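Biologist: Got a minute to walk me through this one? I'd like to go through the contacts with you.

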Amino acid sequence: MAYRHIQTEEADGVLLIALNEPTQRNALSLGMRAELAEAIAQGRDDDSVRAVVLTGRGGAFCAGGDLKSLREGADRAIATRHRIQGLHAWFADFVDFPKPVVVAVDGPCAGAGFSLAMAGDAILCTPRAWFCQIFGRIGVIPDMASLYLLPRRIGLPAARELIMTARRMGSDEALSRGFVNEIVPADRLESVARDVAARLADAAGEGFVARKQALNHAFERAPFHDPAALR
């Protein structure tokens, strides 16, 4: 299928989805969000797809939400609320995507892009990648489940510091904190991401979905010594 804001390529059971608005540093416009949701749903429902790689073109992963689109409409508050509700609906499904997801980050990964990256079962990045919870710089609270996902990925104190300061986290720090799994040269990023996705797909097995969802929601479950948790 031809898309305007993203590109898709499928090979050997791995679906690569690339954000493709490089002049905007792949900011999540309304059009890109709609196409991304459609491509993710197709990857979920297509039995030939065993894993997904999500990346960005033009030296950027995603610089965040498209602020221009947030100014559209007569009643911005209501329009923004509806957009966020729609965004969260498909993003929640992506976090629990029933197949392995590998995110490949080059350049800026900020705001909503930072959140989007955390849907990955594995995150790879280049040396020039950087990550920023930029929401505080524009006077809003993090959206797309950053407040939920980031503490689970790197721990509450580290997440609190990144969110409160809205500073950049470079690739080396991201690796040392366990946010990313590997730093890869830019010219090999997509090929390595495909290889990692294929290996995860080979190892997934029948219990993959149950394991993934259990891990994603482990912090909400009753303590293991609670008899209710054993039912």
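Biologist: Let's start with charges. Which side chain meets D202 in a salt bridge?

Modeller: That's R50, with N to O at 2.5 Å. Keep in mind that this is a predicted model.

Biologist: Where do the two sit along the chain?

Modeller: D202 is in helix α8, residues 189-204. R50 is in the loop between α1 (30-45) and β3 (51-56). The pair links distant parts of the chain, 152 residues apart.

Biologist: And is D202 buried or exposed?

Modeller: D202 is exposed, at 59% relative accessible area. Its partner R50 is partly exposed, at 34%.

Biologist: How many salt bridges does the count come to?

Modeller: The count is 11. Another one is D106 with R128, where the closest N and O atoms are 2.7 Å apart. D106 lies in the loop between β4 (101-105) and β5 (108-110), and R128 lies in the loop between β6 and β7 (130-132), so this pair ties together parts 22 residues apart in sequence.

Biologist: Why does D106 count as buried?

Modeller: Because its relative accessibility is 9%, and the cut-off for buried is under 20%.

Biologist: OK. What does E220 form a salt bridge with?

Modeller: With R152, and the closest N and O atoms are 2.6 Å apart. E220 is in the segment after α9, whereas R152 is in helix α5 (residues 146-154), 68 residues apart. E220 counts as partly exposed at 40% relative accessibility, and R152 counts as partly exposed at 32%.

Biologist: Which residues do shared salt-bridge partners join into one network?

Modeller: E9, R57, E190 and R194.

Biologist: Switching to the sheet. What's the strand order?

Modeller: It's an open sheet of six strands, β1-β2-β3-β4-β6-β9, and the pairing is mixed. At the edges you have β1 (6-11) and β9 (182-183), each pairing on one side only.

Biologist: How many bridges join β6 to β9?

Modeller: Two, and β6 (residues 122-125) and β9 run parallel. If you want a spot to look at, C125 stands opposite I183 in β9.

Biologist: Now T55, which caught my eye in strand β3. Is T55 buried or exposed?

Modeller: T55 is buried, with a relative accessible area of 2%.

Biologist: What does a polar atom of its side chain lie 2.9 Å from?

Modeller: The backbone oxygen of A104. A104 is also one of the residues in contact with T55, setting aside neighbours within four places in sequence; L16, I17, A18, L19, F61, L189 and E190 are the others listed. E190 came up earlier too, in the network with E9, R57 and R194.

Biologist: How far is the T55 C-alpha from that of V102?

Modeller: They're separated by 8.7 Å, and the two residues are 47 apart along the chain.

Biologist: Then there's K212. Is that lysine buried or exposed?

Modeller: K212 is buried, at 6% relative accessible area. You'll find K212 in helix α9, residues 208-216.

Biologist: What does the K212 side chain reach at 3.3 Å?

Modeller: The backbone oxygen of K99. Leaving out neighbours within four places in sequence, K212 is in contact with V95, D96, F97, K99, V101 and D121.

Biologist: F97 is an aromatic. How many aromatic pairs does the count come to?

Modeller: Five. F97 pairs edge-to-face with F94, at 5.9 Å centre to centre with 75° between the planes. Both F94 and F97 are buried.

Biologist: Which residues form one aromatic cluster?

Modeller: F114, F131 and F179.

Biologist: And the nonpolar side of things: how many residues does the largest core have?

Modeller: It has 46, and the residues with the most contacts inside that core are F94, V105, L116, F131 and F179. Take F131: beyond four places in sequence, F131 touches V105, C109, F114, C125, R167, R168, M169, A174, F179 and V180.

Biologist: What lies apart from that core?

Modeller: Another core, of 16 residues, including A51, A122, L124 and A197.

Terms used: Residues are numbered from 1 along each chain as its sequence is written. This is a predicted model: local features need pLDDT of at least 70, side-chain atom pairs count only at pLDDT 80 or more; totals for chains, interfaces and linings use all residues. Side-chain values use heavy atoms; hydrogens and water are left out. Two strands pair if DSSP finds at least two bridges between them. Helices (H or I, at least four residues) and strands (E, at least two) are DSSP runs, numbered from the N terminus. Buried means under 20% relative accessible area, exposed over 50%, partly exposed in between (1.4 Å probe, protein chains only). A polar contact is a pair of N or O atoms within 3.5 Å; within protein, one must be able to donate a hydrogen and the other to accept it, and residues adjacent in sequence count only if both atoms are side-chain atoms. Contact means heavy atoms within 4.5 Å. A salt bridge is a side-chain nitrogen of Lys or Arg within 4 Å of a carboxyl oxygen of Asp or Glu. A nonpolar core is a set of buried Ala, Val, Leu, Ile, Met, Phe, Trp, Tyr and Cys residues joined through side-chain atoms within 4.5 Å. Rings of Phe, Tyr and Trp (its six-membered ring) pair if their centres lie within 6.5 Å; planes under 30 degrees apart count as stacked, over 60 as edge-to-face and the rest as tilted.
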